[in-house]
Amino acid sequence: MPLQLTRPELMCSENFIDGQWRAAVAGARYDVSDPASGAVFASVPDSGAADAADAANAAAAAFGPWRDRSARERAQLIKRWHALILANADDLARLISREQGKPLAEARGEVLYGASYVEWFAEEAVRTYGDMIPEPVRGKKLMVVKEPVGVVAAITPWNFPLAMIARKIAPALAAGCTVVAKPAEDTPLTALALVRLADDAGIPAGVINLVTASRAQTPQVVGAWLADARVRKITFTGSTAVGKSLARDSAATLKKLSLELGGNAPFIVFDDADLDAAVDGLMVSKFRNGGQTCVSPNRVYVQRAVYDAFAAKLVARVAALKVGPASDPASQIGPMINRRALDKIVEHIADALDRGGALLTGGERLHPAGAAGDTFFAPTIVGNAHHAMQLAHEETFGPVVALFPFDDEAQVIALANDTPFGLAAYFYARDIARVWRVADRLETGIVGINEGALAAEVAPFGGVKESGYGREGSRYGLDDYMHTKYLCMGGLT
Ligand code: NAD
């Protein structure tokens with residue numbers, strides 16, 4: 001089915017550098033396909049180091065004038081961008097669904113979610129306050145001011161093609177930084193549409209530059225930015241392996257880093273929990289984007305006394321989920337992003353069943369009507385899971401729930417923390433002393449307590465341990481794009 005947009009010009013197919021739409025210097029392109037059908041429906045530049053350098057040159061040249069605008073002027077431009085995102089929400093949602101696969105209603109939700117960060121940072125732009133420090137000796141004044149770090153390189157994943165890039169570019173611009181960006185190879189079109197809207201909003205040439213590249217070419221593009229001393233910060237969301245390589249390779253120029261990496265979220269149901277609320281929370285947190293979400297629960301620990309009751313309620317809900325292409329309005333779970341993703345799910349389930357897991361529902365590939373692709377998978381529950389299974393240690397990133405029975409609080413906290421990752425954790429309990437004990441002991445950046453929907457522009461999003469560092473959103477989010485500068489004025493006696 002051809003992609004129909006109200007504003008066809010939002011379907012952009014070139015790099016955006018210094019306010020112009022440009023082909024890659026080498027002229028190369030790569031195809032973008034619909035994960036629901038496998039059909040190619042667009043192509044974009046397959047950029048290289050020369051394109052990355054052009055983008056960095058433009059961002060470096062634009063930095064001084066952008067930094068020197070008043071915070072209010074920057075805020076007004078970002079607000080205009082926000083208004084255009086909302087005005088074009090339906091087209092943006094169609095682009096997200098087509099290139100990423102999520103159902104249209106969910107894609108609309110992503111547009112609003114991403115836009116909320118743009119609005120938030122437009123409002124925060126005027127609040128980058130400094131400080132006065134009481135002087136230790138008479139005759140001096142000690143001040144602290146915040147300054148933008150400079151050119152920021154933003155690299156984003158495919159699972160939220162709009163929200164991930166919006167929540168990097170918006171704070172960078174609010175702080176007074178300029179941006180070079182590279183979206184995930186599978187989902188470049190939403191990001192390109194977003195920069196067209198930024199251009200329409202009047203954000204000056206060179207302030208946002210975006211280049212697209214295939215996975216093979218990505219190291220050339222990102223490598224050029226890593227080597228460029230003018231790029232002062234990398235903000236990355238994606239896998240832990242790539243995040244670690246960026247930390248290593250940016251050491252030569254000691255760039256500031258924000259790394260939002262992989263997770264392996266525990267979800268704990270204690271025997272005093274409201275089981276219906278826990279099932280609701282798990283459905284929301286687990287099945288958003290078909291489980292392809294970094295804060296998706298990967299390990300669900302259920303206390304033995306309520307294990308059977310919880311499993312029965314969950315099976316009924318999961319078995320009723322409708323899997324299908326985004327083009328079917330009834331779809332609740334879309335395709336996985338590609339074959340690689342599907343193969344990992346199949347491998348994790350096979351390993352779990354080999355090691356004594358019980359298949360409670362799902363477990364097979366699906367071929368829903370109206371979808372030619374082979375990337376659909378049935379929402380699945382594996383019971384009797386334990387820590388010798390692969391899915392206890394690796395992010396499955398799909399619609400698979402693994403249920404681990406447990407006996408007591410100390411044991412489940414040890415199991416929950418038995419991972420190098422530390423992004424999100426969830427638990428359901430009603431004993432107030434237990435609630436505080438468990439919240440204190442979970443080693444993650446985010447904890448959901450009797451709640452499955454956590455992310456909001458007003459709250460700090462980010463991890464600990466090998467889930468990375470830095471925070472997106474909230475009043476803490478701007479700090480990642482700013483330096484703290486100390487000014488000391490003497491001779492005042
Ligand atoms: P990925 O690391 O493969 O890709 C992310 C980005 O890095 C893409 O733009 C990709 O092109 C780029 N990239 C790939 N190889 C690179 C290289 N050698 N050098 C530089 N850049 C490179 O991750 P993915 O599979 O697209 O995304 C899924 C992962 O992202 C999951 O682990 C998920 O948990 C994580 N994620 C984390 C958050 C968070 O906020 N913590 C949010 C969403 C996704």
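**View 1. Ala 251 is partly exposed in this predicted model.** The relative accessible area of Ala 251 is 42%, which lies between the 20% under which a residue would be called buried and the 50% over which it would be called exposed, and therefore Ala 251 is described as partly exposed. Ala 251 belongs to the loop that runs between helix H8 (240-249) and strand E11 (256-260). Measuring from C-alpha to C-alpha, Ala 251 is 9.6 Å in space from Ala 227, although 24 residues separate Ala 251 and Ala 227 in sequence.

**View 2. The ligand occupies the largest pocket of the model.** The shell around the ligand comprises 28 residues, of which Thr 156, Glu 185, Arg 215, Ser 239 and Glu 395 come nearest. Sorted by class, this shell consists of 14 nonpolar, eight polar and six charged residues. Among the elements that each supply at least two residues of the shell are helix H5 (163-175), helix H7 (218-227) and strand E10 (231-237).

**View 3. Oxygen atoms of the ligand lie within reach of polar atoms of Lys 182, Arg 215 and Gly 238.** Arg 215, one of the residues that come nearest to the ligand, places a polar side-chain atom 2.7 Å from a ligand oxygen atom. For Lys 182, the distance between a polar side-chain atom and an oxygen atom of the ligand is 3.0 Å. At Gly 238 the partner is a polar backbone atom, which is 3.3 Å from an oxygen atom of the ligand. The ligand taken alone exposes 850 Å², and 90% of that area is buried by the protein.

Notes: Residues are numbered from 1 along each chain as its sequence is written. This is a predicted model: local features need pLDDT of at least 70, side-chain atom pairs count only at pLDDT 80 or more; totals for chains, interfaces and linings use all residues. Side-chain values use heavy atoms; hydrogens and water are left out. A residue is near a molecule or strand if one of its heavy atoms lies within 4 Å of it. A polar contact is a pair of N or O atoms within 3.5 Å; within protein, one must be able to donate a hydrogen and the other to accept it, and residues adjacent in sequence count only if both atoms are side-chain atoms. Accessible areas come from the Shrake-Rupley method with a 1.4 Å probe; for residues, only the protein chains shown count as cover. On a 1 Å grid over the protein atoms alone, a cavity is a set of points where a 1.4 Å probe fits but cannot get out, and a pocket is an open set with protein on both sides within 12 Å along at least five of seven lines; lining residues have an atom within 4 Å of a point. A molecule sits in a cavity or pocket if more than half of its atoms lie within 2 Å of its grid points. Helices (H or I, at least four residues) and strands (E, at least two) are DSSP runs, numbered from the N terminus. Ala, Val, Leu, Ile, Met, Phe, Trp, Tyr, Cys and Pro count as nonpolar, Asp, Glu, Lys and Arg as charged, and the others, Gly among them, as polar. Buried means under 20% relative accessible area, exposed over 50%, partly exposed in between (1.4 Å probe, protein chains only).
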